[in-house]
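Work through the exercises below with the sequence and the coordinates at hand. Each task is followed by a solution in steps.

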Amino acid sequence: MSDAGKGSVMGGAIWMIVISMLLFWLPGVGGFIGGLVGGKVSGGVGPSLIAWLMSSILIGILFAVLGTMLSGLILIGALAGLGGLVLGFIDAGTRLLGAIIGGFMA
């Protein structure tokens, strides 16, 4: 009963990132919904955990880089980016729960 080829890890990670970013105004629920959809797209629990890890790393890098680029001062921008990184990691817990449930639903 192998479901190989049914889902896409990269597609699941992208869905997790996009939905989490679109629903940023719902801090816990947005990440959960993103994880749920991304886990379902990934095609199983194992691939959904890999997709969650990829999305968490990419969101952290995104916050750190964009925070640094948007500020004229590199040090201030880096501190703002690290603040966003902390917020991204807070959201990662609910995204993980959603990814596991979505992986079971796949």
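**Exercise 1. Find where helix H4 bends and by about how many degrees, then compare its span with the expected one.**

Step 1. In this predicted model, the bend of H4 is at Gly93 and amounts to about 30°.

Step 2. H4 covers residues 74-105, which is 32 residues. At 1.5 Å a residue the expected span is 46 Å, and the distance from the first C-alpha to the last is 44 Å, close to that value.

**Exercise 2. Determine which residues of H4 are buried and which helices help to cover them.**

Step 1. The cut-off for buried is a relative accessible area under 20%.

Step 2. The buried residues of H4 include Gly77, Gly81, Gly84, Leu85 and Gly88. Further along H4, Asp91, Ala92, Arg95, Gly98, Ala99, Gly102 and Gly103 are buried as well.

Step 3. The cover over these residues includes helix H1 (9-22), helix H2 (27-42) and helix H3 (45-69).

**Exercise 3. Search the whole structure for salt bridges and classify the partners as buried or exposed.**

Step 1. The search returns 1 salt bridge. The side chains of Asp91 and Arg95 form it, with an N to O distance of 3.2 Å.

Step 2. Both partners belong to helix H4 and are 4 residues apart, about one turn of the helix. An α-helix has 3.6 residues a turn, so residues three or four places apart point the same way.

Step 3. Asp91 has 12% relative accessibility, so it counts as buried. Arg95 is buried too, because its relative accessible area is 1%.

**Exercise 4. Check the span of H1 against the expected value and list its buried residues.**

Step 1. H1 has 14 residues and should span 20 Å at 1.5 Å a residue. The end C-alpha atoms of H1 are 20 Å apart, so the two values agree.

Step 2. Gly12, Ala13, Met16, Ile17, Ile19 and Ser20 are buried in H1. Their cover includes H2, H3 and H4.

**Exercise 5. Identify the nonpolar surface patch and classify Leu66 and Leu58.**

Step 1. The patch consists of Leu53, Ile57, Ile61, Leu62, Val65, Leu66, Met69 and Leu70, with about 770 Å² of accessible area together.

Step 2. Leu66 lies in helix H3. Its relative accessible area is 36%, so Leu66 is partly exposed.

Step 3. Leu58 also lies in helix H3 and, at 40% relative accessibility, counts as partly exposed. From Leu58 to Ile14 the C-alpha distance is 9.5 Å, although 44 residues separate them in sequence.

Methods: Residues numbered from 1 in each chain as written. Predicted model: local features only at pLDDT ≥ 70, side-chain atom pairs only at ≥ 80, totals over all residues. Heavy atoms only, no water. Helix = DSSP H or I, 4+ residues; strand = E, 2+ residues; numbered from the N terminus. Expected span 1.5 Å × (residues − 1). Bend = angle between axes of the 7 residues up to and from the residue. Buried < 20%, exposed > 50% of the residue type's maximum accessible area, 1.4 Å probe, protein only. Contact = heavy atoms within 4.5 Å. Patch = residues over 30% accessible without salt bridge, like charges linked within 9 Å, V, L, I, M, F, W, Y side chains within 5 Å. Areas by Shrake-Rupley, 256 points an atom, 1.4 Å probe, with all protein chains shown as cover. Salt bridge = Lys/Arg side-chain N within 4 Å of Asp/Glu carboxyl O.
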